[in-house]
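Me: I would like to go through the aromatic rings and the ligand surroundings of this structure, one question at a time. Could you take me through the reasoning behind each answer?

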Amino acid sequence: MAKTATIIATLLLNVSFSVAQLNTLAQAAGKLYFGTATDNPELTDLPYVAQLENTADFHQLTPANSMKWDATEPTRGVFTFAGGDQIVAQAQANGQIMRGHNCVWHNQLPDWVEAGDFDNATLLSIIENHCGTLVGHYAGQMYLAESQKDAWDVINEPFNDDGTFAQDVFFNTTGTSYIPTALRAARAADPNAKLYINDFNIEGTGAKSTGMANLVKQLKAEGVPIDGIGIQSHLIVGEVPTTLQQNIQDFVDLGVEVAITELDIRMTLPYTPILAAQQTEDYRTVISACKAVAGCIGVTVWDWTDKFSWVPGTFAGQGAACPWDVNLDKKPAYEGIVEGWLS
Ligand SMILES: *[C@@H]1O[C@H](CO)[C@@H](O)[C@H](O)[C@H]1NC(C)=O
Ligand SMILES: *[C@@H]1O[C@H](CO)[C@@H](O)[C@H](O)[C@H]1NC(C)=O
């Protein structure tokens, strides 16, 4: 009897494991998608692509690099969309939706923008042309269903950690005028797109989140189109802010939607069972926070496998941040995401 019960329990576990996948669970929880970042060079890795196309796990893709300014307008007025188009085609072939990423960011910016010494009016016209042309090129191509509009990170990382504006070429030249200029250009180019401002270190409440909230309030008061806040969520194991769910709710209460746009949870290597258990718990916490707030519309991981994670190349000695390992095998973190959606 005990043995039969064990066999049945094992069968049930296997069954629930095979159906309980990241996107199917996200949608069952009322979200639009669970998704992942990807990048053009990764599309030559066939086992990687096979899992990328697993729509039970991923219903949404974000291009990690190929829609950024240096990739799309490397020379003033000369637009190159081949890389972004490849990711869109990859998504469309599998019925996956996209998030556009991004129009205006002070990194991966071609030299001609930063070194051009443009005056305010000229830089604003360059931003208007860049965002309008980029968003216009992809209008209607990225969300496939009428009910799911295109979404764009129009503004990326505008804040310092203390909530003041980053002193980049855009702010130094235009003040905050670049923000409404970019948002209005995106709205004109794709009236159906959901327009986001996306940043990191705005997971918990604090000065930077307050800066974001104040900006969104001001934009709304001025009639500037703004639909969403992207909470990047590049987190550290054991350091998920306890105020995450409250902060998501606070953003939603401003009258915008929220997406978790770049989730990964890194650690100082080596990857140990204790760190794996904490990481599993941390993924569960993040997902359950999104699940609990109706206006949190979806979650994107910043690539699904440690094989292609940006973390080791950026944070020396750190890594193992993704739900799948370098061999494309699921880690306990995967189960943390499952548990978060079921919480
Ligand atoms: C913007 O101005 C600040 C303060 O003068 C300066 O430190 C910073 O280097 C400037 N940024 C750029 C991109 O020019
Ligand atoms: C840049 O131009 C805009 C639009 O004319 C104006 O509102 C803004 O104050 C200007 N910014 C600076 C720093 O002069």
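Reply: A charge is said to sit over a ring if NZ of Lys or CZ of Arg is within 6 Å of the ring centre and within 35 degrees of the ring normal. Please keep in mind throughout that this is a predicted model.

Me: With that definition in hand, over the ring of which residue does the charged end of arginine 266 sit?

Reply: For an arginine, the atom that has to lie within 6 Å of the ring centre is CZ. The charged end of arginine 266 is placed 3.7 Å from the centre of the ring in question, and that ring belongs to phenylalanine 315.

Me: And how far from the ring centre of tyrosine 271 is lysine 331, which lies over its face?

Reply: For a lysine, the atom considered is NZ, again with a limit of 6 Å from the ring centre. Lysine 331 lies over the face of tyrosine 271, and the distance to the ring centre is 4.9 Å.

Me: Are the planes of tyrosine 48 and tryptophan 304 stacked or edge-to-face?

Reply: The structure holds 17 aromatic pairs, and tyrosine 48 with tryptophan 304 is one of them, at 4.9 Å centre to centre. Planes under 30 degrees apart count as stacked, and since the angle here is 15°, the pair is stacked.

Me: How many residues apart are tyrosine 48 and tryptophan 304 along the chain?

Reply: Tyrosine 48 belongs to helix H3 (residues 46-52), whereas tryptophan 304 is in the loop between strand E9 (296-301) and helix H13 (311-314). The pair therefore links distant parts of the chain, with a separation of 256 residues.

Me: Is tryptophan 304 buried or exposed?

Reply: Buried means under 20% relative accessible area, and its partner tyrosine 48 has 0% and is buried. Tryptophan 304 also has a relative accessibility of 0%, so it counts as buried.

Me: Why is the pair of tryptophan 310 and phenylalanine 315 called edge-to-face?

Reply: Tryptophan 310 is partly exposed at 31%, and phenylalanine 315 is partly exposed at 21%. Their ring centres are 5.4 Å apart. Planes over 60 degrees apart count as edge-to-face, and the pair is so named because the angle between its planes is 75°.

Me: Which residue has a side-chain N or O atom 2.3 Å from an oxygen atom of ligand 1?

Reply: The residues around ligand 1 are Glu114, Gln167, Asp168, Val169 and Asn172. A nitrogen atom of ligand 1 is 3.0 Å from a polar backbone atom of glutamine 167, whereas the side-chain atom at 2.3 Å from the ligand oxygen belongs to asparagine 172.

Notes. Residues numbered from 1 in each chain as written. Chains lettered and ligands numbered in written order. Predicted model: local features only at pLDDT ≥ 70, side-chain atom pairs only at ≥ 80, totals over all residues. Heavy atoms only, no water. Phe/Tyr/Trp six-rings, centres within 6.5 Å; stacked < 30°, edge-to-face > 60°. Helix = DSSP H or I, 4+ residues; strand = E, 2+ residues; numbered from the N terminus. Buried < 20%, exposed > 50% of the residue type's maximum accessible area, 1.4 Å probe, protein only. Near = heavy atom within 4 Å. Polar contact = N/O pair within 3.5 Å; in protein donor to acceptor, adjacent residues only side chain to side chain.
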